[in-house]
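Morning, everyone. I'll take a few minutes on one structure. Let's put it on the screen.

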Number of protein chains: 2
Amino acid sequence: MHAELQLDNQICFRLYTATRLITQAYTPILTKLGITYPQYLVLMVLWEKDNQPVNDIAHRLLLETNTVTPLLQRMEKQGIVCRKKGEKDKRQQIVSLTAKGKELEKKAFAKIPSSMGDQLSACPLKLEDYKRLAQELDSIIETLKK
Amino acid sequence: MHAELQLDNQICFRLYTATRLITQAYTPILTKLGITYPQYLVLMVLWEKDNQPVNDIAHRLLLETNTVTPLLQRMEKQGIVCRKKGEKDKRQQIVSLTAKGKELEKKAFAKIPSSMGDQLSACPLKLEDYKRLAQELDSIIETLKK
DNA sequence: CCATATTGTATCGTACGCGATATATTGTTA
DNA sequence: TAACAATATATCGCGTACGATACAATATGG
């Protein structure tokens, strides 16, 4: 048995698992808000800056447009965002928050930070650990994105 | 704008992104081997211990059987594993490596560690950083799995 | 200015993840 | 042991991810 190929030695498997479990921790709240985790990511991008073309949203999330386009189509159908052709560049679709999409920020702020805090309260990591973790993940991300 | 809801402050988004990018780094090699990343995870479980029921594989990977069953069906169709009814408990499907599945371990060991090492060589993290990262991810995983 | 390359978005196909449900087998208990 | 609960797996539906491809609009070079 090759030690390098053992599951327990793999950072990637841990990232994969931690991501799924944290996403699952978000899910009950997001379901009440009527959205999914990737949709929540799109909303965070738009809460930071409204009226962005599909490409900018995809770049911000490091996703391809063939992932983001159908995601936005579903969100539009739910009345969370709207899309309209760009005026300067007619190829672009400019994505904007609807009133419903803006409302979701308040609801998210009212529920998500406290719930995630609760769910992670038993975790021994301190604030400084999370900060270092964030930096280390950033350096992995920076290394791997071309 | 609520600082707690900003994308840059979120550990979860970093985990999600780092996972996707590392998985993408694995993909070219795994594609040559004819498998996907989740299939590679299943193989690692079987390389550790052959002839396991679906449930044990799912538990090892912290996945649900409704994810693992179709995965195994695809792997069986490709001739990487085979499944047969359990003798003691006829409800179980015992999953075993085929010769092709066993061969893949050698091929994986020949290519994956060096390739991943190359791709992450520009990353400033040291071995001790990866070790601590692994421990911290484990404590997040341990906290969130019920 | 026109042919061509590039860009922005959309569509299609495949493989996950996972909630919900179904079914067969085994365990338990009255 | 017959009725019922629990377990192991499978199936279905939906929403991502992403490679491959298509198409319209814009940019560019001759």
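The surface near DNA strand C has 12 polar residues, eight charged and six nonpolar. Keep in mind that this is a predicted model.

So who sits there? Strand C has 26 residues around it. The closest are Tyr16(A), Gln24(A), Arg83(A), Arg91(A) and Arg74(B). Of the atoms of DNA strand C within 4 Å of the protein, 72% belong to sugar and phosphate.

Which elements supply this surface? From chain A, look at α1 (11-33), α3 (54-61) and α4 (65-77). From chain B, look at α2 (37-48) and α4 (65-77). Each of these gives at least two residues.

Now some single contacts. Arg20(A) has a side-chain N or O atom 2.8 Å from a phosphate oxygen of DNA strand C. For Thr69(A), the side-chain N or O atom is 2.9 Å from a phosphate oxygen of that strand. Arg74(B) goes elsewhere: a polar atom of its side chain lies 2.5 Å from a sugar or linking oxygen of DNA strand C.

Next, the sheet in chain A. Three strands form an open sheet, in the order β1-β3-β2, and the pairing is antiparallel. Why do β1 (52-53) and β2 (81-85) of chain A each have one side without a neighbour in the sheet? They stand at the edges with a single partner strand each, so one side stays free of a neighbour.

β1(A) pairs with β3 (residues 93-97) of chain A over two bridges. There, Pro53(A) is opposite Ile94(A) of β3(A). Helix α2 (residues 37-48) of chain A packs on this sheet and touches β1, β2 and β3 of chain A. Its direction makes about 85° with that of β3(A).

Technical notes
Residues are numbered from 1 along each chain as its sequence is written. Chains are lettered from A and ligands numbered from 1 in the order in which they are written. This is a predicted model: local features need pLDDT of at least 70, side-chain atom pairs count only at pLDDT 80 or more; totals for chains, interfaces and linings use all residues. Side-chain values use heavy atoms; hydrogens and water are left out. A residue is near a molecule or strand if one of its heavy atoms lies within 4 Å of it. A polar contact is a pair of N or O atoms within 3.5 Å; within protein, one must be able to donate a hydrogen and the other to accept it, and residues adjacent in sequence count only if both atoms are side-chain atoms. Helices (H or I, at least four residues) and strands (E, at least two) are DSSP runs, numbered from the N terminus. Ala, Val, Leu, Ile, Met, Phe, Trp, Tyr, Cys and Pro count as nonpolar, Asp, Glu, Lys and Arg as charged, and the others, Gly among them, as polar. Two strands pair if DSSP finds at least two bridges between them. Contact means heavy atoms within 4.5 Å. Axes are lines fitted to C-alpha atoms, for helices over the stretch in contact, and angles run from 0 to 180 degrees between N-to-C directions.
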